[in-house]
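Hi,

Here is the structure I promised to pass on. Have a look at it first, and my notes on what turned up follow underneath.

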Amino acid sequence: MQKTIAKINLSAISGNAAYLKSRAQGGKFYAVVKADAYGHGAIAVARELASIADCFCVAIVDEGVELRAAGISTPILVLTPPMDRDDVTRSAAYNLICTVSDVSTARLCRGLEVHIKINTGMNRYGTTPEGLGAVISELGQSYVTGVYSHIYAPQSRQNTLSQLEVFKSCVKVVKAAYPAAVAHFAATAGTLMGGELLFDGVRCGIGLYGYAPSGFSDANLTPALSVWARRVQTFSPPFGGGVGYAQADKKYTSLSSYRAGYADGFARTYALGEGNLCMDSFISQSTDDEVCIFSDADKYARKLGTISYEALCAVTKRSLRVYER
């Protein structure tokens, strides 16, 4: 097997989900499995969480279709609003819940099950409070089962409370028209904060996979993913020379090549082995058959000046996923 090996602990994911759901205080639990479950494999994760999640969230229609094709029957919310009639047609065919963000998407989605997205300050998707009445008018008797927004800077309590007040006022308007609509505002950070951020349910992504957003921590979350590289060859360097594409700064008696490189989602600026990274391999003094090259997304992200979300999505790019409990 020439691929890197991503070892994924499904028990950790289900344990994280059960813990986060308990923080929702009886509310609905929306499990975010977009981007192939942050690199962990959306189908396997959804199957693992089928008895815990009340709904799965994906980014685009194609991700929802993939889950349906795999036999996942749990409700699925598509977070990106439909961009054309094809998105709506496929959502209807595969029983996906659409996001309505303005009058034009409301018009496209009339008659379908939808959640209304409110822009409370993130300025990504969503109707403004001023435009909400027109959206509801356009939807008419559509099957509106939810209303939601997203906290854009949860580490700032002042910003979060400002968003909260806007969302609360919009929830009143939506529930006046659609009393059964589920209001969800808190993602992982909001779930950990709790209190009045919880509403009728929570929508958790990064926490499922064992990490808290920047500025937060919780010892109850267990990272689920590690990535391993397999040894290809061990040899005594015959000419001195380099270690991969780098000039060696010392004499080596033994070196091994391992099958993992930047084409597998690892950054060239992240040192593996002797500090170099080729497209498909790196050089190390180890002689182990397998070496762990990724087990802590926060640590990896800090070294690269990025976030754990990006790290997790990247490093399983060409991996064979091995699921464990």
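Y38 sits in helix α2, which covers residues 34–38. In this predicted model, Y38 has a positive phi, near 55 degrees, although it is a residue other than glycine. Most residues other than glycine have a negative phi, so that one caught my eye. Y38 is also buried, with a relative accessible area of 7%.

Q25 is another non-glycine residue with a positive phi, in this case about 55 degrees. You'll find Q25 in the loop between α1 (10–23) and β2 (28–32). Is Q25 buried or exposed? Q25 counts as exposed, because its relative accessibility is 66% and the cut-off for exposed is over 50%.

Now for the chain as a whole. The secondary structure adds up to 11 helices and 16 strands. Along its principal axes, the C-alpha trace spans about 75 × 40 × 35 Å. The protein chain has 325 residues, and 52% of them are buried. If you take the contacts between residues at least 6 apart in sequence, 64% of those join residues at least 24 apart.

Next, α4 and its surroundings. Helix α4 (residues 61–69) packs with helix α5 (residues 85–93) at an angle of about 20 degrees, and their axes are 10 Å apart. That angle makes α4 roughly parallel to α5, since anything under 35 degrees counts as such. The crossing of these two helices, α4 and α5, is left-handed. Which residues meet there? From α4 they are V61, D62 and V65, and from α5 they are D87, R90 and S91. Sorted by class, that contact between α4 and α5 has 3 charged residues, 2 nonpolar and 1 polar.

Helix α4 has other neighbours too. Its buried residues are V61, E63, G64, V65, L67 and R68. What do the buried residues of α4 pack against? Besides α5, the list has α2, α3 (42–48), β3 (55–58) and β4 (76–78). After α4 comes G71, which has a positive phi near 95 degrees.

You may be wondering about cysteines. A disulfide is a covalent bond between the sulfur atoms of two cysteines. How many disulfides does a search of the whole structure find? The search comes back with 0. C55 is in no disulfide, and the nearest cysteine sulfur, that of C57, is 5.0 Å away. A disulfide needs the two sulfurs within 2.5 Å, so C55 and C57 don't make the cut at 5.0 Å. C55 is buried, with a relative accessible area of 4%. C278 is in no disulfide either, and its nearest cysteine sulfur belongs to C292, 20 Å away. C278 counts as buried as well, at 11% relative accessibility.

Last, a few residues further along the chain. S257 is in strand β13 (residues 255–258). S257 is buried, with a relative accessible area of 12%. Leaving aside neighbours within four places in sequence, S257 is in contact with R230, R231, V232, Q233, F282 and I283.

Q285 is in the loop between β14 and β15. Q285 counts as partly exposed, at 43% relative accessibility. The C-alpha atoms of Q285 and S256 are separated by 5.9 Å, though the two residues are 29 apart along the chain. Again leaving aside neighbours within four places in sequence, Q285 is in contact with K250, Y252, S254, L255 and E274.

D289 is found in the loop between β14 (282–284) and β15 (290–294). D289 counts as exposed, at 53% relative accessibility. Which residues does D289 contact, leaving aside its neighbours within four places in sequence? They are A229, R230, R231 and Y258. To get back to helix α4 from here, take L67, one of its buried residues: the C-alpha atoms of D289 and L67 are separated by 35 Å, with their positions 222 residues apart along the chain.

Cheers

Note on methods: Residues numbered from 1 in each chain as written. Predicted model: local features only at pLDDT ≥ 70, side-chain atom pairs only at ≥ 80, totals over all residues. Heavy atoms only, no water. Axes fitted to C-alpha atoms, helices over the stretch in contact; angles between N-to-C directions. Helix = DSSP H or I, 4+ residues; strand = E, 2+ residues; numbered from the N terminus. Parallel < 35°, antiparallel > 145°, perpendicular 65-115°, else oblique. Left-handed = near helix turned anticlockwise from the far one by under 90°. Contact = heavy atoms within 4.5 Å. Nonpolar A, V, L, I, M, F, W, Y, C, P; charged D, E, K, R; others polar. Buried < 20%, exposed > 50% of the residue type's maximum accessible area, 1.4 Å probe, protein only.
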